[in-house]
Amino acid sequence: MPRTKTINQDQGEKTENPYLPRPTKITLVRRESPDCFLIRTDLKSKYEPGQFFQVSIPGIGEAPISVASYSQDFLDLNIREVGNVTKYLSKLKKGDTLFIRGPYGKGYPMEKLFGKSLMLIGGGSGVAPLKGILTYVDQHKDSFGDVTIYFGFRTPDDILFKEEMKQWRRKYQLNMSVDKNPKKAKISCDVCFITNLVEKAKLNPENKVVFICGPPVMMKITIELLKNKGFKEDQIYISTERLMKCALGVCGHCMIHGKYTCLDGPVFRYDEISQDRND
Amino acid sequence: MLKINKSSFNDFLTDIMRYNELVAPVKTDESRFEVVKDISMIQMDLHTYFPAKKFFFKKHQTLYSAEKNRFTVPELVTDKKQRVMIGLKRCDLNSIKRQDMMFMKETRDPYYTEERERTILIGHHCNQPFDEYCFCSSMDLGDFYDLMLYDKDDAYLVEIGSEKGRNFVDRYRKYFWDTDLFLRAEDRRIETKLQLNKRDISQYYNNPDWKKGVDQCFSCAACVTLCPSCYCFDLYDEVDAKLSKSEKKRNWDSCQLHCFTKVAGGHIFRDTREDRFKHRIYHQLQYFKDRHGMNLCTGCGRCIRGCPTRINFIQILNEMKEQA
């Protein structure tokens with residue numbers, strides 16, 4: 001019979017085992033769209049926008065979820081129900097325990113970008129990591145130039161962060177689009193792909209950095225458009241999605257041409273990986 | 001210089017077995033490293049078909065079990081005996097060095113570290129390459145061992161490579177004799193017939209000749225399973241029949257399998273066999289070197305020897321022509 005050791009984390013016992021998740025309490029669950037919801041936990045530790053956590057349900061599995069907030073008092077995770085773990089997460093309620101490991105990876109290098117104007121381009125649940133940037137900007141108002149936002153969603157029902165959207169519309173130059181409007185809902189945004197809006201816009205690349213997060217096709221097209229408009233690759237930051245198992249830079253699943261998404265990313269400055277084949 | 005006389009080598013091994021777990025190359029159905037019960041089974045010259053990595057980076061490892069929000073980890077570092085591994089070849093030893101870098105330096109993996117720290121590595125130098133698939137002499141292997149044995153007529157010459165090795169010699173001093181014999185540079189060298197002629201393969205990624213290997217590949221992952229350096233793994237949860245208790249498990253995984261890069265939603269990043277085949281070769285010969293300054297591959301030849309269609313990636317690379 002192998003000997004074992006129980007870790008009583010609920011009594012504050014700490015462990016250096018990098019695989020063990022730690023418990024947090026869920027303080028808020030908010031349905032965002034038919035397949036997306038936001039979970040807020042009481043995690044009190046430092047993290048950066050763009051980083052991610054491994055969220056685990058013992059017995060079901062783990063899923064990498066990017067942070068959608070910037071605070072030392074809580075952590076917001078925007079979760080899309082696409083797999084086993086995320087489907088199970090959607091059943092959790094306020095007061096439940098959520099197990100997490102992290103934060104992992106490199107986030108957006110906000111401090112290095114002081115003085116720049118920012119452009120955020122997000123598609124679907126790719127808007128979530130960018131939400132953290134906007135909170136960061138709120139807390140460092142004088143450190144950045146103007147902020148332009150391009151957010152695209154599939155349908156009006158899929159629009160995320162409707163509450164926050166109102167504030168962002170007031171504070172920043174917010175451009176929004178939906179791919180289609182099947183229910184003919186009354187909406188105050190364009191019906192087209194977000195890339196069409198970017199294409200039409202008059203953009204001045206000077207002193208600007210762009211953050212892109214969204215489906216691979218949308219990111220690819222957006223990058224091409226921006227390059228045609230005179231943006232350089234080192235002005236563009238993208239957030240990449242890969243399968244991440246260990247999040248410790250060992251298991252190999254998230255490797256992109258020798259770079260570990262979980263260590264060197266998930267946020268990459270585009271010139272760092274533009275030469276790399278998509279493998 | 002120290003030596004062990006071959007006439008007393010069996011006594012030496014028997015003595016080791018008395019208080020330690022002795023692991024050595026043995027041949028049963030296939031050749032592999034096993035815990036030795038009977039020293040007559042040991043074949044020091046054997047370059048095993050299966051690698052030695054399973055003793056540290058286990059095929060199946062339970063990381064923790066969870067029950068009602070409480071986690072239990074298997075007790076690490078207990079009264080387990082010291083393990084003495086003997087007969088490791090230079091390629092095997094260098095592979096352990098590479099796995100140490102991943103599991104003890106990049107991140108301190110408690111499961112690996114425990115097994116590694118209780119082990120003494122005693123190498124056995126190949127005077128001849130084992131077969132036509134060995135290509136270690138083109139892989140810049142370094143010295144990495146606690147003790148290294150060189151077969152010289154009726155004795156093994158012994159080189160000490162670490163503090164751990166020195167302490168071990170002190171403990172079994174009666175088997176070690178001082179000798180005037182010494183090692184020349186050529187005694188340490190292994191000249192393999194198969195050689196990788198290209199040190200830098202970065203220019204060959206889009207070469208059409210990859211097809212030669214890809215066309216014969218079944219994506220069966222034998223190459224990765226037999227590789228002593230490959231360290232990729234899968235993590236998954238296993239639930240008991242009552243659904244009340246679960247275990248987080250770690251298994252060997254392979255980049256050659258189709259689902260290796262599959263994300264939720266179904267997208268597979270390395271979808272074609274060519275993507276996966278090249279990924280393995282580039283990880284072995286370029287990516288790891290970019291990060292850690294040495295090839296992941298140690299030239300043991302197991303991936304070629306064990307491939308059902310004997311894909312010889314060294315030959316494929318050697319025959320690749322530079323493109324204009």
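**From a cysteine in chain A to a sheet shared by two chains**

Leaving out residues up to four places away in sequence, A:C262 touches A:Y104, A:G105, A:M244, A:A247, A:G249 and A:C254. This cysteine has its place in helix α6 of chain A, which covers residues 261-264, in what is a predicted model. Is A:C262 buried or exposed? Because 26 C-beta neighbours lie inside 10 Å, and 20 or more are enough for the term, A:C262 counts as buried. One of its contacts, A:A247, is 15 residues away along the chain, yet the C-alpha atoms of A:C262 and A:A247 are separated by 5.2 Å.

From this residue one can step back to the layout of the chain. Chain A is divided into domain 1, residues 17-103, and domain 2, residues 110-239, and the C-alpha centres of these two domains of chain A lie 24 Å apart. Where they meet, domain 1 of chain A contributes 13 residues to the contact and domain 2 of chain A contributes 15 residues. On the side of domain 1 of chain A that touches domain 2 of chain A, β2 (22-33) and β6 each supply at least two residues.

Both of those strands belong to an open sheet of six strands in chain A, whose order is β5-β4-β7-β2-β3-β6 and whose pairing is antiparallel. Which strands stand at the edges of this sheet? They are β5 (61-66) and β6 (75-80) of chain A, and since each has a single partner strand, one side of each is left without a neighbour in the sheet. Neighbouring strands here are turned against each other by 40 degrees on average, with direction ignored. The partner of β6(A) is strand β3 of chain A, residues 36-41, and the two pair in the antiparallel sense over six bridges; within this pairing, A:L38 stands opposite A:N78 in β6(A).

Further along chain A, the pairing is parallel: strand β9 (residues 147-153) is joined to strand β10 (residues 173-178) by six bridges, and A:F151 stands opposite A:M176 in β10(A). Helix α3 of chain A, residues 162-171, completes a right-handed β-α-β unit with β9(A) and β10(A). Strand β10(A) is also joined by two bridges to strand β11 of chain A (residues 190-191), again running parallel, and there the bridge partner of A:V178 is A:V191 in β11(A).

The nonpolar interior can be followed next. The largest nonpolar core has 114 residues, of which A:L77, A:L120, A:I121, A:V210, A:F211 and A:Y237 touch the most other members. Helix α2 of chain A, residues 127-139, gives the most to this core, with six residues. Taking one of the residues just named, A:F211 is in contact with A:Y108, A:L120, A:I121, A:L130, A:I133 and A:Y237, once its neighbours within four places in sequence are left aside. Apart from this core lies another, of 30 residues, which includes B:V84, B:I122, B:M148 and B:Y156.

The last part of the path leads from chain A to chain B. The contact between the two chains takes 38 residues from chain A and 42 residues from chain B. On the side of chain A that touches chain B, the elements giving two or more residues are β1 (4-7) and β5 of chain A, and β1(A) gives the most, with four residues.

How are the strands ordered in the sheet that includes β1(A)? Five strands form an open, antiparallel sheet in the order β1(A)-β5(B)-β4(B)-β12(B)-β11(B), with β1 of chain A and β11 of chain B as the edge strands, each pairing on one side only. The twist in this sheet averages 25 degrees from one strand to the next. Inside chain B, strand β4 (residues 60-67) and β12(B) pair in the antiparallel sense over seven bridges, and the bridge partner of B:E67 is B:K245 in β12(B). Strand β11 of chain B (residues 233-239) pairs likewise in the antiparallel sense, over seven bridges, with strand β12 of chain B (residues 245-252), where B:D237 has B:K248 in β12(B) as its bridge partner. Together β11(B) and β12(B) form a hairpin with five residues between them, and in the turn B:L243 has a positive phi of about 60 degrees.

Notes. Residues are numbered from 1 along each chain as its sequence is written. Chains are lettered from A and ligands numbered from 1 in the order in which they are written. This is a predicted model: local features need pLDDT of at least 70, side-chain atom pairs count only at pLDDT 80 or more; totals for chains, interfaces and linings use all residues. Two strands pair if DSSP finds at least two bridges between them. Axes are lines fitted to C-alpha atoms, for helices over the stretch in contact, and angles run from 0 to 180 degrees between N-to-C directions. A crossover is right-handed if, with the strands pointing away from the viewer, the path from the first strand over the helix to the second runs clockwise. A nonpolar core is a set of buried Ala, Val, Leu, Ile, Met, Phe, Trp, Tyr and Cys residues joined through C-beta atoms within 7 Å. A residue is buried if 20 or more other C-beta atoms lie within 10 Å of its own, exposed if 12 or fewer, and partly exposed in between; C-beta atoms are placed from the backbone. Two residues are in contact if their C-beta atoms, placed from the backbone, lie within 7 Å. Domain bounds come from an automatic or database domain assignment.
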